Every structure is written in C-alpha cells, then in structure tokens.
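Biologist: I am new to this structure and would like a close look at one part of it. Could you take me through the largest nonpolar core and what lies around it?

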Amino acid sequence: MNKKSECCGCSACFTVCPVGAVKMQEDEEGFLYPVIDREKCINCESCDDICNFKKALNEYKGTILKCYGARLKDMDILEKSSSGGVFTALSDIFIESGNMVLCSAYDIFLHEIRFRLIYNKDDRNSARGSVYLQSTVGKIWNEAFEVLKNHSEKKLLFIGTGCQADGFLALAEKKNMRDRILICDMVCHGVPSTKIWKEYMCLLEKKYGKIKYISFRDKRNGWEKPYAFAKTEEKEISLKPFKRLYVSNCMMRQSCNVCPYTTIERKSDMTLGDFWHLKERLPQYYDILGTSLVLIHTQKGIEFFEKIKSYLEWFSCEKEDCLQKNLLSPTPVSDKREKFMKLYKKGGIELLLKRFGRKSIFRALVSAIKKRK
C-alpha cells in the first residue's frame, strides 16, 4: 500500500495470508489498514494478488442486466427495515433452506459493526437497519469459507459494501467457491471513522448511562426523513450531532473519495440500496415506508430475485430512473477534512461537536422560517 486512498480496508489481504503475517491496524484517524510482519512474511505475494480494490482503481468493468424497485408486502417488517426490506426477503430463503448469511450487525457492547455468520432469523433480525460505519471483518470470512469447505451442500449469501463485496468475490474465486455464493453489495455514501464514533458513544454513556439500542433509520417521520437515535433504559437521545459530522464528509475514509464502485455496472450478483428520487421520477410507485433499489448484474442475481418476487411489491424500471449521486461518482473529499482531523487530534470528539456538530445559524434560521409557514 503506497497511499491510504489505495486501501479500502476490506481485509481480503488479511484473510488470504497463509502464515498470518498481515494484521489490520487502526491508524490515528480510526481506520484499519494492513500491516505486514516481515519476520513472518514468506513473500508469496498473496496479499497483493488478492487486492481487487487497487485493480479496480485502474479499471473496473461490471455489468447491469435489470433494474427494479421493490418493497416487502409484510408491512410490519417493512416498517422495521431501513428501506424496502429486500435484505429480509433474500436472507429468508437462505436461512429457511439451511444455508448461511454473512453480513454486518451492530455490537452494542463494543459500539462497532462486525461481520457475522448468521443461521437463524433472530440473529438476522438483529442485523437489520443501518449504522453508518465500516464493518470489522476479523477472522469471520475465513470461518465462512471453512464451513463451505466442510459442508459441500451449503450455500452463502454475502452482503457488504462495494469494496468488501469485491474483496470477498476475489477470495471466493481463489477458493473455487464463487458458484455457491450470492454476492450482494450496497449503494454506499462512504464510511466514517469508527474511532470517532466510539468516542461519541462513550461521551453519551457518561452523560446518560449505558446505551441499549441504536437506530440511524427510524421511519417515524417517513422513509425519506430517517430519524437517528440512541436509547438507554430511560431516555431516547437524538444522534443529529453525529449525523452532522457524517454528512460534512470530513471524517470519511480516504479511499471512499476515489471509490470505483460508485457505478450502476458492477461485478457482484446484485446491488441493494434506497430508491431515492422515486417520488419525482416514478410517483405511482412511491410509498412513505420506503422502496429498495435492486440492480441485477448476473444470471444468478436474476434467479434469486425471481425466488423472492412473491414476497414483494415490485416494478421494473430503466437505468435512468434509478441514478443517484453514489451510482454516478464517489463522495467528494471535503475541503475542511484536514482542519477537521487537526481539531480531532487536538481536542477529540468534544471539540469536533462544538465546531461541526451544531446546526449553523443560517440553517437554524431557515428551519425557523419553514416552521412558521
């Protein structure tokens, strides 16, 4: 790795190393990068060979076969889902047939997102929802491949960000298991610093007590205006200050600003996301509880979408109907990022919240005027 922008932190290099010479180490901003133990390294170059992200930076060519909008017919589950609930429908058909799901879930004790291997619906339900962090991989990808190796009848559903999906795809191909895995990636804005998030959670817990629940996409105000909150035994706490830090784009991983997967054409089997701008483009299909965007890239993706259609209200659409910012280009780097990180190193999360976590006077005035109308 020559530049931090050339590493997405997917951990494929860590997973593939045959002698455990690669470790994922957190930098001063709170992002994981591979560090090689030269005493253990046998110079096999497996880590370089498996790096699909660096290859994609030079050239990434995917496909797009079909585009859909979809939402679950089950209104109760739809209300609990971040978007249209397609993740639930897909994971159901794997779990109910005795197969596995490899996806991210929030760890309320560590306050981080970790990949988990899921076999039942209760564990799957805990993986619903969105928390805007990068998932920690650890040893779980290797464990998933080991299960597939030892149980030739089993199949796997993988769900992750575009860079994680491409890293996992490279591993699946290397291990000759690609045909047994449905790889789904997500439309992604970019990932913020987990270290800053943990400091924010620590600050809230000092003030309010132990946090028991986190939601970034509560639909009480409708799907297009998601409410983010944390909950203790006695109190609900708004997460707006952290969301303001997030949307400032100042604490984004550097690779996110050059992400090659911000395209409608991909190498995964399927891409899932929110169907933003649906009300303007196809108003007849709009629903206040949300609609998922489903992009199909392979024949396998088509086959699995056919399997879940009976659980969904769905419609076909054109590529032009579903285009959105992060299907056209990466999130641009903020011109305030350097200042933001200097402030963080100087005063931690509290100084960041004072400078970046408050609503600006201009925005406050605009909100006040709108409320009067």
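Modeller: What follows describes that core, one of its residues, and then the sheet. The model is a predicted one, and its largest nonpolar core holds 37 residues, of which Leu 102, Trp 141, Leu 156, Phe 158, Phe 168 and Ile 181 touch the most other members. Among the elements that give two or more residues to this core are helix 1 (12-16), helix 3 (52-58), strand 4 (100-107), strand 5 (112-118), helix 7 (140-150), strand 6 (156-161) and strand 7 (181-186), while helix 8, spanning 162-174, gives the most, with seven residues. Leu 102, once its neighbours within four places in sequence are left aside, is in contact with residues that include Phe 115, Leu 117, Ile 140, Trp 141, Ala 144, Leu 156, Phe 158 and Phe 168. A second core, separate from this one, has 32 residues, including Tyr 132, Leu 245, Leu 353 and Phe 356.

Turning to the sheet, eight strands form an open arrangement in the order 5-4-6-7-11-12-3-13, with mixed pairing, and strand 5 and strand 13 (312-316) are its edges, each pairing on one side only. From one strand to the next the twist averages 30°. Within this sheet, strand 11 (residues 270-274) and strand 12 (residues 292-296) run antiparallel and are joined by five bridges, with Thr 271 standing opposite Leu 295 of strand 12. Helix 5 (residues 86-95) packs on the sheet, where the strands it touches include strand 4, strand 5, strand 6 and strand 7, and the direction of helix 5 makes about 130° with that of strand 4.

Definitions and conventions. Residues are numbered from 1 along each chain as its sequence is written. This is a predicted model: local features need pLDDT of at least 70, side-chain atom pairs count only at pLDDT 80 or more; totals for chains, interfaces and linings use all residues. Side-chain values use heavy atoms; hydrogens and water are left out. A nonpolar core is a set of buried Ala, Val, Leu, Ile, Met, Phe, Trp, Tyr and Cys residues joined through side-chain atoms within 4.5 Å. Buried means under 20% relative accessible area, exposed over 50%, partly exposed in between (1.4 Å probe, protein chains only). Helices (H or I, at least four residues) and strands (E, at least two) are DSSP runs, numbered from the N terminus. Contact means heavy atoms within 4.5 Å. Two strands pair if DSSP finds at least two bridges between them. Axes are lines fitted to C-alpha atoms, for helices over the stretch in contact, and angles run from 0 to 180 degrees between N-to-C directions.
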